[in-house]
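Let's take a walk through this fold, starting from the outside and working inwards. Keep the 3D view open as you read.

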Amino acid sequence: MVTTQHHRTVIVGGGSAGISVAARLRRAGERDVAVLDPSERHYYQPLWTLVGGGRAPLKESVRPQKSVMPKGVRWIRRAAVAVDPDAQEVTLDDGGVVHYDHLVVCAGIQLDWDGVPGLADGLGQNGLSSNYLPHTAPVTWRFIRETRSGSAVFSMPTGAIKCGGAPQKIAYLAADHWRREGVLGRMDIHLVLPTDTIFGVPEFARVLEGVARKYGIHVHYGSEVTEVRPEAREVVVSDIGTGTKTTLPYDMAHLVPPQSAPDWIKRSPLADAANPAGYVEIDKHRMRHVRYPNIWALGDAGSSPNSKTGAAVRQQAPVVVENLLATMQGQEPLAVYNGYSSCPLTTARNKMLLAEFDYSGRPAPSIPLIDTVRERTDMWYLKRHGLPFLYWNLMLRGLA
């Protein structure tokens, strides 16, 4: 049955951003909040790298969506397919319409598997996997264990992706496993990166360059995988600057697809026309749409140039809520997001480099008295146990 309804605040997306904003709005006393999301499951996706590296079980990354939905929030279990910002309405996948006074868009990011020919068809078979899906992350670990010699390829695509460090984290976890098994010397490991450096912040890049050297990983800078030949177990690597193509064989490969805003956002008036990835065009500090003052965006769907991580969401959510509440009261939004993000880079089975930075492109440490510009075992325990606890018990409840 097609329905039409109205809510004061409508949140598109029930992931980390949507649930965090909804919880904060409810704590602030907002009574009419609706979340649009069809998923019955809620995933803590940062754990998937550890699942792929054999350091965590998949079941720890998932809970029922109803268990994290804030009390008093109207959960509309449908997907958004269009938005009309002039009519102030969102169209649902069943033809229903939801009208809003204020809209928060946090619909996540789209994995464009078809952006690399052969990737979708070969995924999960013949040594080819990706930690970017829950059902293939455990397959990554199986392929790593089964590979005892030969070639391994790990890749990162061009453009923004969620958890930009994930493509290399799994390379280090795999290499550390092979080292412990005594077979690292039999492995030819390749890491394909579209960037000119291994990481955008020099202080962290120097550490990661040393990690890659330690494991004997050959890093292909300024390059990307442009084709996969699953039956032949080959990838085609293209030099972004020259267009030169090289074929690499693999016994196992972990590939990451290109990513973009969901197609319905790309087609909407909310999209940044200057960005082919189609993210919601927002002021990077206020998180408000540049043309529609009653629309906000955060998380992976927004155009702010921060790394797309859960840590960024944790800093963005209070800014969005504070500014949204201010506009509801006829005031100017004054809260500012400074671009903070962090990337917990697992460099071994029990070591992690906690890279924290903001729009300045410089380290922005949040933990006093601890030197996080190096690999640390205590940071590994933060990644494995501390951050999941923070996520489920504090962040999704609007408390952190």
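Start with the surface: the protein chain has an accessible surface of about 16400 Å², and 49% of that belongs to carbon and sulfur atoms. Accessible areas here come from the Shrake-Rupley method with a 1.4 Å probe, and for residues only the protein chains shown count as cover. A word on what you're looking at: this is a predicted model, where local features need pLDDT of at least 70 and side-chain atom pairs count only at pLDDT 80 or more, while totals for chains, interfaces and linings use all residues. Residues are numbered from 1 along each chain as its sequence is written, and side-chain values use heavy atoms, with hydrogens and water left out.

Now the overall build. The protein chain holds 10 helices and 21 strands; these are DSSP runs numbered from the N terminus, with helices being H or I over at least four residues and strands being E over at least two. The radius of gyration is 21 Å, close to the 21 Å that the globule rule gives for 400 residues, so the chain is as compact as a globular protein of that length. That radius is taken over C-alpha atoms, and the rule is 2.2 Å times the number of residues to the power 0.38. Along the principal axes, the C-alpha atoms fill a box of roughly 65 × 50 × 40 Å. Of the 400 residues, 56% count as buried (buried is under 20% relative accessible area, exposed is over 50%, and partly exposed is in between, with a 1.4 Å probe and protein chains only). As for contacts (heavy atoms within 4.5 Å), residues 24 or more positions apart account for 63% of those with a separation of 6 or more.

On to the helices. Two packed helices are described by the angle between their axes and the distance between the axes. Helix α6 (residues 166–180) is a good place to look, with helix α5 (residues 137–146) packing against it at an angle of about 35° and with the axes 10 Å apart. Axes are lines fitted to C-alpha atoms, for helices over the stretch in contact, and angles run from 0 to 180 degrees between N-to-C directions. The crossing of α5 and α6 is right-handed; that's the name when the near helix is turned clockwise from the far one by less than a right angle, and left-handed is the anticlockwise case. From α5, the residues T140, W141, I144 and R145 meet I170, A174, H177 and W178 of α6. Sorted by class, that contact has 5 nonpolar, 2 polar and 1 charged residues. For the classes, Ala, Val, Leu, Ile, Met, Phe, Trp, Tyr, Cys and Pro are nonpolar, Asp, Glu, Lys and Arg are charged, and the others, Gly among them, are polar.

Helix α6 also packs with α7 (residues 202–215), at an angle of about 35° and with axes 10 Å apart. Here the crossing is left-handed. On the α6 side you'll find Q168, Y172, A175, D176 and R179, and on the α7 side L208, V211, A212 and Y215. The tally by class is 6 nonpolar, 1 polar and 2 charged residues.

Next, a strand residue that touches α6. L191 sits in strand β12 (residues 187–192) and is buried, at 0% relative accessibility. Its contacts beyond four places in sequence include P167, Q168 and Y172, along with F154 and I217. For a sense of span, the C-alpha atoms of L191 and A317 are 34 Å apart, with their positions 126 residues apart along the chain.

S155, in strand β11 (residues 150–155), is buried too, at 2%. Among its contacts outside the four-place window are P167, V192 and H254. Over in strand β20 (residues 341–348) there's S342, buried at 10%, which touches T309, A311, L354, A355 and E356.

Last stop, the loops. Most residues other than glycine have a negative phi, but M287 has a positive phi near 70°. M287 lies in the loop between α8 (263–266) and β19 (295–297) and is buried, at 0%. L369 also has a positive phi near 70°, in the loop between β21 (351–357) and α10 (377–393), but L369 is exposed, with a relative accessible area of 90%.
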